[in-house]
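Let's take a walk through this protein, starting with the whole chain and then stopping at a handful of residues. Keep the structure open while you read.

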Amino acid sequence: QVRVVESGGGLVQPGGSLRLSCVVSGANFKITPMNWYRQVPGKERELVANISAGGTSNYADSVKGRFTISRNNAWNTVYLQMDSVTSEDTAVYYCNLYWRREFWGRGTQVTVSS
């Protein structure tokens, strides 16, 4: 059974930083591309960043240069380092992978506010 568990969300001030973590179990993590999405109430879920099994990353234009996705295959964990955050980054952040079928975590809330 595949489990996807996000953590690290919280309240952060504009201009601050936060690191999200996502631990995956039950899948062959080291060969699986990983994705971070976010969603604001009333809007579509948005792909923020993804990382291939080999470590190649891609970013949404809205976060390019501010967010960094990385992975630690020994720990079955993918990270999202969020720097220089703004109120526009407030959302629930979800970890996602496709391993025989699509799996999602429950999400972690990030709120950017002074």
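Below you'll find the overall build first, then some individual residues.

**The whole chain**

One thing to keep in mind from the start: this is a predicted model. The fold is a strand affair, with zero helices and 11 strands in the protein. Reading from the N terminus, the elements simply go β-β-β-β-β-β-β-β-β-β-β. The radius of gyration of the protein is 13 Å, close to the 13 Å that the globule rule gives for 114 residues, so the chain is as compact as a globular protein of that length. If you'd rather think in terms of a box, the C-alpha atoms fill one of roughly 40 × 25 × 20 Å along the principal axes.

How much of the protein is buried? Buried residues account for 41% of the 114 residues. On the outside, the accessible surface comes to about 6300 Å², and carbon and sulfur atoms hold 47% of that surface. As for contacts between residues at least 6 apart in sequence, 52% of them join residues at least 24 apart. The protein also carries 12 positive and 8 negative charges, and the mean positions of the two sets sit 11 Å apart.

**T108 and its surroundings**

Now for a closer look at single residues. T108 belongs to strand β11, which covers residues 108-112. Is T108 buried or exposed? With a relative accessibility of 11%, T108 counts as buried, because the cut-off for that class is under 20%. Setting aside neighbours within four places in sequence, T108 touches E6, S7, G8 and G9, along with L20, A91, V92 and Y93. One of these partners, G9, deserves a second look: the backbone nitrogen of G9 is 3.0 Å from a polar atom of the T108 side chain.

**G105, in the loop before β11**

G105 is in the loop between β10 (101-104) and β11. At 11% relative accessibility, G105 is buried too. Which residues does G105 contact, once neighbours within four places in sequence are left out? They are V4, E6, Y94 and C95. The C-alpha atoms of G105 and C95 are 5.6 Å apart, although 10 residues separate the pair in sequence. E6 turns up again here, being in contact with G105 and also with T108.

**P41, out in the open**

P41 is in the loop that links β4 (34-39) to β5 (46-51). Its relative accessible area is 79%, so P41 is exposed. To get a feel for distances, try P41 and R100: they're 59 residues apart in sequence and 29 Å apart in space, C-alpha to C-alpha.

**Two residues with positive phi**

Where do you find positive phi values outside glycine? N76 is one place, with phi near 50°, and S84 is another, also with phi near 50°. N76 is in the loop between β7 (67-72) and β8 (77-82), while S84 is in the loop between β8 and β9 (91-99). Both count as partly exposed, N76 at 24% relative accessibility and S84 at 41%.

Here are the residues from this tour with their relative accessibility.

| Residue | Relative accessibility | Class |
|---|---|---|
| T108 | 11% | buried |
| G105 | 11% | buried |
| N76 | 24% | partly exposed |
| S84 | 41% | partly exposed |
| P41 | 79% | exposed |

Methods: Residues are numbered from 1 along each chain as its sequence is written. This is a predicted model: local features need pLDDT of at least 70, side-chain atom pairs count only at pLDDT 80 or more; totals for chains, interfaces and linings use all residues. Side-chain values use heavy atoms; hydrogens and water are left out. Helices (H or I, at least four residues) and strands (E, at least two) are DSSP runs, numbered from the N terminus. The radius of gyration is taken over C-alpha atoms; the globule rule is 2.2 Å times the number of residues to the power 0.38. Buried means under 20% relative accessible area, exposed over 50%, partly exposed in between (1.4 Å probe, protein chains only). Contact means heavy atoms within 4.5 Å. Accessible areas come from the Shrake-Rupley method with a 1.4 Å probe; for residues, only the protein chains shown count as cover. Lys and Arg count as positive and Asp and Glu as negative; His and the chain ends are not counted. The place of a charge is taken as NZ of Lys, CZ of Arg, CG of Asp or CD of Glu. A polar contact is a pair of N or O atoms within 3.5 Å; within protein, one must be able to donate a hydrogen and the other to accept it, and residues adjacent in sequence count only if both atoms are side-chain atoms.
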